[in-house]
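Me: I am new to this structure and would like to go through it by question and answer. Please show it before we start.

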Amino acid sequence: PAAIVIDTDPGVDDAMAILYALADPEIELLGLTTVFGNVPEPVATRNALQLALLAGAPALPVAAGAARPRLQPPRPFATDVHGADGLGTAVLPPLPPGRLPDPRPAARFLAETCAARPGEVTIVAVGPLTNLAAALDVHPAIARQARGVIVMGGALRQKGNVTPFAEANIHQDPHAAAAVFAAPWAVTLVGLDVTERVILTAADLAPMVARSPRCGALLAEAAEFYFAFHKASEGLDGCHLHDPTAVIAALRPELFRTAVAPVEVTVRGPEAGRTREAPEAAARPLTLCLGVDAPAVRARFLEILHAGRLP
Ligand code: BDR
Ligand code: CA
């Protein structure tokens, strides 16, 4: 199986990605690291701990990370998209006393997890890239010890989702994104160009509710809020599967059409958070996902969540 750590700001689609990773027998989930983004960091950390508990992984390591961007003032959280506590109106089970985050900060957890198995661990980053940038600063060896980094973020050949230019994860901390894209590791960008093509509907979750009642009911309730946001903002009956698509990219790269080019991040001004292919730049080339077999990604997601492996 693919050894991965998910760096996350749960978030409804983050929750989908986490439950997917716990259910997929081809994934060895080594832990979660948390970051501000959709919600404040303490809420993200609590959600991650509670999701692991709900999914029957009460000892999964969860390491708490950054509470704010590296350099710029914080942007608003995405409570309009994900709900006040990140999971719509859903309520997660309380944590037993003594269930705490890993004592290490996220950046150190990432570095040590990659160092323990050099060349094997893929980081799937589905929130702002602040923890990854911190890890590169403090533990630069992570760049050669990680197998690679898959980033859900950016909008290359289409408009953004928080501003006309920027996708949310990059917009929250563009300086961190620029640092992560410049580091000497293999970065794959799974941006809105592909994630907005992969759609999940309410009906898709019904078999999961039947076969994995605990996790299915949680996702169905959380998703209701997320669906309502998509309906109101773009008339969509369903939601985009942003973060799960990045996890699936770690397993099934052949489902994506890619190009290789450096990417420039706009760090300030009205276009802050913009990601642009910059073939002329002397920067490191990234692997950019530009096309996707959306039915196949969606089918994989549903096959795993419908299999009944989660409680
Ligand atoms: C990304 O932003 C967050 O709101 C989602 O969880 C996803 O990671 C999509 O732009
Ligand atoms: Ca996210």
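Me: Which helices each supply at least two residues of the shell around ligand 1?
Reply: This is a predicted model. The helices that each give the shell around ligand 1 at least two residues cover 12–23, 168–172 and 242–251. They are α1, α7 and α12.

Me: Of the 14 residues around ligand 1, which come nearest?
Reply: The shell around ligand 1 is mixed by class, with five nonpolar, five polar and four charged residues. Of its 14 residues, the nearest are Gly 11, Asp 13, Val 126, Ala 168 and His 242.

Me: How many residues of α1 are buried?
Reply: A residue counts as buried if 20 or more other C-beta atoms lie within 10 Å of its own. Val 12, Asp 13 and Tyr 20 are among the residues of α1 that pass. The helix is largely enclosed by the rest of the structure, because the buried count is 12 of the 12.

Me: What distance does α1 reach from its first C-alpha to its last?
Reply: α1 has 12 residues, and 16 Å is expected at 1.5 Å a residue. The model comes close to that, with a reach of 17 Å.

Me: Where does UniProt place the feature "domain: Inosine/uridine-preferring nucleoside hydrolase"?
Reply: The span in question is 40% helix and 19% strand, and its end C-alpha atoms lie 18 Å apart. The UniProt entry, which is unreviewed, places this domain at residues 4–297.

Me: What pLDDT does the chain average?
Reply: The model scores ipTM 0.99 and pTM 0.98. Of the residues, 100% score at least 70 in pLDDT, and the chain average is 97.

Technical notes:
Residues numbered from 1 in each chain as written. Chains lettered and ligands numbered in written order. Predicted model: local features only at pLDDT ≥ 70, side-chain atom pairs only at ≥ 80, totals over all residues. UniProt positions renumbered as here; feature names shortened; annotations may be inferred. Helix = DSSP H or I, 4+ residues; strand = E, 2+ residues; numbered from the N terminus. Near = placed C-beta within 6 Å. Nonpolar A, V, L, I, M, F, W, Y, C, P; charged D, E, K, R; others polar. Expected span 1.5 Å × (residues − 1). pLDDT = per-residue confidence, 0-100.
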